[in-house]
Amino acid sequence: LCGAIAVLYASWFRRSGHSRLASLACAAGGIFCTPIWYYGTTAYDDVLGTLVVLAAIYAAYFLGQGRRQKAEGKNNSAFRLLPSAFICRLLPSAFKSSLLPSAVTCGLLLGLAFNCKPPLVLFMPAVIALLWRPELPRKDRWLPVRVVFFCAALGVIVYELYDLWKFPPST
């Protein structure tokens, strides 16, 4: 898990415009200068939750930005690799939005983060802020917010159903 977090850190800094060496140094600092290094060898959900929240924020920022670039005529090849991109191709054109695949991905990741530790869903405003596009019409502006909330709520429902299955009320 620590390796995946380091890769996310390095790719974040690299895509932000830093050099390769600076990106690797910041990624190493993000691992070795935090408790992730200590807890990375344990079975705590903190490291998994950190990975999932970072992935959600990364997806909101870079995939949402990539969708913006695609709308402006630039290409983003990372978008085509997402399972949510395939799902969104199956939807009727009335339900498609330029940010819908990113919102689905972020919402599902936040739902998974809730399964790691319930307070991690409090990162939802940060994800929504990264997906917010004030230049869109009002209906299209609020669609990613609703999708992120709905997908995160699915994660909460799965968490509660699993808890009821594992610990029935009769016990």
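The following exchange goes through the helices, the core and the surface of a predicted model.

Reader: What makes the pattern of this chain α-α-α-α-α-α-α-α?

Author: The chain has eight helices and zero strands. Read along the sequence, it therefore gives α-α-α-α-α-α-α-α.

Reader: How do you know that α6 is largely enclosed by the rest of the structure?

Author: A residue is buried when its relative accessible area is under 20%. In α6, 14 of the 17 residues are buried, so the helix is largely enclosed. Over the whole chain of 171 residues, the buried share is 36%.

Reader: What makes the span of α6 close to the expected one?

Author: The expected value is 1.5 Å times one less than the number of residues. For the 17 residues of α6 that comes to 24 Å, and the helix reaches 24 Å from its first C-alpha to its last.

Reader: Why is the largest set of 39 residues called a nonpolar core?

Author: The name applies because its members are buried residues of the nonpolar kinds, joined through side-chain atoms within 4.5 Å. I5, C106, L110, V127, L131 and V148 touch the most other members. Helices α1, α2, α4, α6, α7 and α8 each supply at least two residues, and α4 gives the most, with 12.

Reader: Which residues does I5 touch, leaving out those up to four places away in sequence?

Author: They are I31, I36, V47, T50, L51 and L54. Touching here means heavy atoms within 4.5 Å.

Reader: What share of the accessible surface belongs to carbon and sulfur atoms?

Author: Of about 10,400 Å², these atoms hold 68%.

Terms used: Residues numbered from 1 in each chain as written. Predicted model: local features only at pLDDT ≥ 70, side-chain atom pairs only at ≥ 80, totals over all residues. Heavy atoms only, no water. Helix = DSSP H or I, 4+ residues; strand = E, 2+ residues; numbered from the N terminus. Buried < 20%, exposed > 50% of the residue type's maximum accessible area, 1.4 Å probe, protein only. Areas by Shrake-Rupley, 256 points an atom, 1.4 Å probe, with all protein chains shown as cover.
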